[in-house]
Amino acid sequence: MICRFEEIDENEKRRLCDFMLAQRVSLFLGSGVSLDSIGPDGEMFSAGRLREELVALNKLPSNATLQKAYSALSDEQVEKHITQHYTCTEPGPTIVRLAKQPWRRIYSLNVDNCFESAFASVVEAHEFSSSSTETINFDDGFTELLSDKRASIIHLHGCVDRAETGYVFSQNEYAKSITRPNSWMLTLSQLIRTETFIVAGTSFDEIDVEYYLEQRSQKTIRGDIPPSVLIEPYPTKLTEMLCENHQFCLFEGTVLDFFSRIESIDDRLRMPWLDNESDGLSGLDLSESERLRFSANFHRPPDDPQKIPNPGRFLLGAELDWSMLAANSDISREAFSEVRRDVVIAADDPQLKLILLVDEPGSGKTAFLKRLAFDLSRGSDEVFWYDGLGLELEPREIASILNGISGRIFVFVDNFADCLNSISLILGKIEKPDILFVCCERNYRLKYIQNAFTGFDYPTISDRLKLTRGEARALRAANEEHGLSTIPETSENFYLGQVVGGTMAEANCRIQNNFKTLDRIVQDLRSECDQDEGFAYLLVALARFCYANGVRRSVLSTVSVPDAVEHLLSDQSSLPLSYSDLGNSFVVPKQAIVGDRFLDLTRRNWHRQLFEAFLELAKSVAPRVNAKTIKHKTPEAQLLGRLMDYDNNVRDYIDEYAEEYYAGLKPMCDWNARYWEQLALLKLDRFYSSPEDSLLLEESIQHARSAISAEVHPFSLSTLAKVLFQAMEKSQKNRDQYFSEAWQNVVDANVRESRWSNRGATLFTIAFGGVLKFLEMGGQLSGEQSEYLRDMIAETRTLKIADKRLIGVRSKLEEALG
């Protein structure tokens with residue numbers, strides 16, 4: 001049955017207004033919104049009128065389509081009848097009202113620049129930065145939306161302001177665009193399946209609109225967001241049927257009628273542009289863009305959060321927010337006072353800029369860190385919480401802002417390994433003596449941190465969150481108080497003996513599940529779900545394992561089981577999912593410890609299913625990854641990088657399917673140097689297992705060279721050096737030839753890496769190990785090479801690299817060099 005706007009619940013209407021005010025609604029535009037705008041030769045033509053004009057212009061058959069009429073135009077005719085005609089000189093009232101509303105993004109099928117023209121008045125009225133408007137053409141690479149962008153307009157068919165790139169009008173051009181879909185087409189088709197959209201100026205039965213809507217249905221839309229709306233003044237039966245099929249709410253009227261109606265529901269929409277002034281940056285001479293981008297990543301705990309006492313939600317796995325902390329909904333930890341003292345002492349040491357808390361998965365690290373941030377924010381210090389979703393400002397700009405803030409500063413960083421490089425770059429520019437980054441990470445990632453985070457001394461606080469007897473009693477009592485405990489009658493000593501010294505999450509999970517072991521709990525939960533739900537949960541558990549914030553909800557809309565994802569998000573499943581961020585964009589398992597054990601259980605028992613999850617997740621993320629997003633370390637770029645990582649993930653989880661996996665990724669990733677690096681490492685690993693097969697080594701060398709062809713980067717140079725050193729070891733005859741090439745790659749990589757503010761152990765370990773093998777084979781170093789190696793050894797000591805493997809091979813090389 002069709003949903004009409006006037007028939008939906010008033011609460012849903014108000015929720016739509018809230019989302020619009022929060023800039024969480026996207027806009028999809030067709031040509032109808034521009035008909036009352038003016039160009040150089042009067043009002044802009046509708047598609048029908050344009051077809052008639054072009055048909056008459058070139059004396060085409062009267063039944064010729066617009067696409068055919070456009071394809072018959074000369075370059076001069078395109079300039080006059082398309083580019084000039086659709087260049088806006090006076091935006092009409094329809095587009096003017098749309099431009100006054102904050103939108104998440106605007107996706108336009110129109111080639112005119114009416115929205116840009118209308119929004120210029122908004123920029124002037126509110127004194128926004130001149131860079132606050134972002135116009136993107138269909139052939140531009142995908143970019144994430146930055147917080148200082150007040151309007152981000154994507155022209156899916158081209159734009160008069162970018163006439164040199166052409167338009168997508170003819171059937172051939174459109175077919176070409178659809179058969180080779182670009183990142184904007186793919187990401188819009190992801191978003192429109194699940195997110196709230198307002199559609200205006202177009203009908204649903206046009207070919208381009210159908211392309212984006214074809215997979216949107218009741219199974220794909222989210223239940224936790226307001227409805228999407230089609231604004232249509234003259235709906236037909238077909239319009240109503242398509243609204244029903246694609247789960248759009250129909251508003252019968254014009255755009256101006258729609259805004260008049262929602263303003264009567266929430267009059268804040270008459271003046272929707274509001275900024276947060278409590279960002280901790282008062283007194284700093286910052287541009288609007290700098291202030292917005294900094295605050296998008298670094299949040300201050302609110303001065304007076306609403307107290308919402310709901311320990312039950314926390315015990316069931318809900319993310320601990322500031323309101324819950326204010327109401328003391330978490331379980332008090334006995335280590336808190338001691339750790340807080342250690343953190344404050346570290347902050348008073350001007351030589352220290354970072355302290356690291358390391359503990360087991362499920363120990364309660366995030367809740368502990370957030371409690372510590374909240375506690376310190378109640379005093380006179382400035383406290384910021386980093387969201388971990390990628391920096392919107394350059395690290396040097398962030399450091400400059402932090403340097404300018406008076407007083408002591410604490411910056412809290414959860415899941416430190418995911419953002420290690422960004423934090424390192426910021427620290428490299430920090431001059432302020434009284435600032436401390438308080439970071440937290442799972443203990444199994446400490447080795448990676450020791451390898452990659454160099455150049456700084458930092459104390460590590462380890463294993464302070466093992467469950468104590470007092471905490472175990474408090475946890476059980478809290479579950480019993482809220483009716484969540486299902487522990488059978490058992491003695492307290494037996495209970496304490498089972499959980500003391502373990503993790504908070506595992507104890508809590510067992511309390512709520514008849515005190516069964518965690519493996520048994522997860523096996524039972526898996527058996528209660530159908531196959532699609534189990535696979536959907538596996539995708540999200542895998543994403544969170546690779547990237548702590550999980551996977552974007554819109555990415556999950558493209559997987560093979562979108563209806564199962566929706567069901568798991570509804571809390572009606574035995575394996576529930578939840579959101580990890582305030583904007584409800586990123587999805588994670590509601591109970592992280594269950595997700596981790598579910599992934600491990602699948603690794604042990606269902607190898608093929610895990611391979612399918614790796615491949616499907618990587619393919620869903622790939623359209624959002626390009627050279628620019630890799631440079632900015634966006635969530636999708638980091639997630640794909642870890643999904644492709646052979647040494648740390650692919651080999652450990654899906655090794656028997658590795659060749660098939662990388663072959664499946666090739667069509668979407670063969671431009672990416674990292675893809676070829678991982679393929680080279682796969683072939684090298686296969687060679688280690690079958691050293692008689694020299695073809696494997698040759699393939700590895702070729703793939704490593706392909707990585708350098710894609711991008712000359714220290715990582716690709718290091719990979720080739722590693723493979724060449726191995727080839728050298730297997731060929732005494734070609735020893736000097738292989739060593740010479742490998743050495744040159746080491747030198748080239750070292751020169752490039754030396755420009756970085758943070759260097760890891762990898763290159764040094766490869767170089768030192770390769771040189772040792774060369775010497776063992778009877779090779780002779782030149783005096784220049786020996787001195788270069790001594791300089792590299794000295795550099796590792798300056799960088800304070802704590803990697804144990806590097807320390808071992810360095811010691812042997814120093815002995816060999818004398």
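**Loop residues, sheet, cores and aromatic pairs in a predicted model**

N514 counts as partly exposed because its relative accessibility is 47%. The structure described here is a predicted model. N514 is placed in the loop between α22 (504–511) and α23 (518–528). Its phi is near 60 degrees, a positive value in a residue other than glycine. A positive phi is also found at N328, where the angle is near 55 degrees and the residue is again not glycine. N328 belongs to the loop between α14 (322–326) and α15 (336–347). With a relative accessibility of 54%, N328 counts as exposed.

The strands were examined next. An open sheet is formed by eight strands, arranged in the order β1-β10-β9-β8-β2-β5-β7-β6, with parallel pairing. At its edges are β1 (3–4) and β6 (133–137), each of which pairs on one side only. Within the sheet, strand β2 (residues 26–29) is covered on both faces. S26 and F28 lie on one side of this strand, L27 and L29 lie on the other, and all four are buried. Strand β2 pairs in the parallel sense with strand β8 (residues 197–200) over four bridges, and with β5 in the parallel sense over three bridges. F28 takes part in both registers: it stands opposite V199 in β8 and opposite Y107 in β5. Strand β5 (residues 106–108) in turn pairs with strand β7 (residues 151–155), in the parallel sense and over three bridges. In that pairing, S108 stands opposite H155 of β7.

The nonpolar interior was then considered. The largest nonpolar core contains 67 residues, of which L643 and Y661 touch the most other members. The helix that gives the most to this core is α24 (residues 531–546), with ten residues. A second, separate core comprises 57 residues, among them C17, L50, I225 and C249. When residues up to four places away in sequence are not counted, Y661 touches F611, F614, L615, A618, L643, M644, V650 and I654. Y661 is also part of an aromatic cluster, in which ring pairs link it with Y444, F545, F614, Y653, Y662, Y675 and W676. F614 thus appears both among the contacts of Y661 and in the aromatic cluster.

In total, the structure holds 39 aromatic pairs. A pair of aromatic rings is described by the distance of the centres and the angle of the planes. For F453 and F456, the ring centres are 5.5 Å apart and the planes are at 15 degrees, so this pair is stacked. Both F453 and F456 are buried. The rings of F739 and F774 likewise form a stacked pair, because their centres are 3.7 Å apart and their planes lie at 10 degrees. F739 is located in helix α36 and F774 in helix α37 (residues 762–776), so the pair ties together parts that are 35 residues apart in sequence. F739 counts as buried, since its relative accessibility is 3%. F774 has a relative accessible area of 3% and is buried.

Helix α36 (735–753) also contributes to the surroundings of another helix, α34, as one of the elements that cover its buried residues. The covering elements further include α33 (673–689) and α35 (714–729). The buried residues in α34 are L696, L697, S700, I701, H703, A704, S706, A707 and I708. An α-helix has 3.6 residues a turn, so residues three or four places apart point the same way. The length of helix α34 (residues 694–710) was compared with expectation. At 1.5 Å a residue, its 17 residues should span 24 Å, and the end C-alpha atoms are 25 Å apart, which agrees.

A polar side-chain contact was found at a buried arginine. R553 is placed in helix α25 (residues 553–556). Its relative accessibility is 1%, and R553 therefore counts as buried. The side chains of R553 and E566 are joined by a polar contact of 2.8 Å.

Technical notes: Residues are numbered from 1 along each chain as its sequence is written. This is a predicted model: local features need pLDDT of at least 70, side-chain atom pairs count only at pLDDT 80 or more; totals for chains, interfaces and linings use all residues. Side-chain values use heavy atoms; hydrogens and water are left out. Helices (H or I, at least four residues) and strands (E, at least two) are DSSP runs, numbered from the N terminus. The expected span of a helix is 1.5 Å times one less than its number of residues. Buried means under 20% relative accessible area, exposed over 50%, partly exposed in between (1.4 Å probe, protein chains only). Contact means heavy atoms within 4.5 Å. Two strands pair if DSSP finds at least two bridges between them. A nonpolar core is a set of buried Ala, Val, Leu, Ile, Met, Phe, Trp, Tyr and Cys residues joined through side-chain atoms within 4.5 Å. A polar contact is a pair of N or O atoms within 3.5 Å; within protein, one must be able to donate a hydrogen and the other to accept it, and residues adjacent in sequence count only if both atoms are side-chain atoms. Rings of Phe, Tyr and Trp (its six-membered ring) pair if their centres lie within 6.5 Å; planes under 30 degrees apart count as stacked, over 60 as edge-to-face and the rest as tilted.
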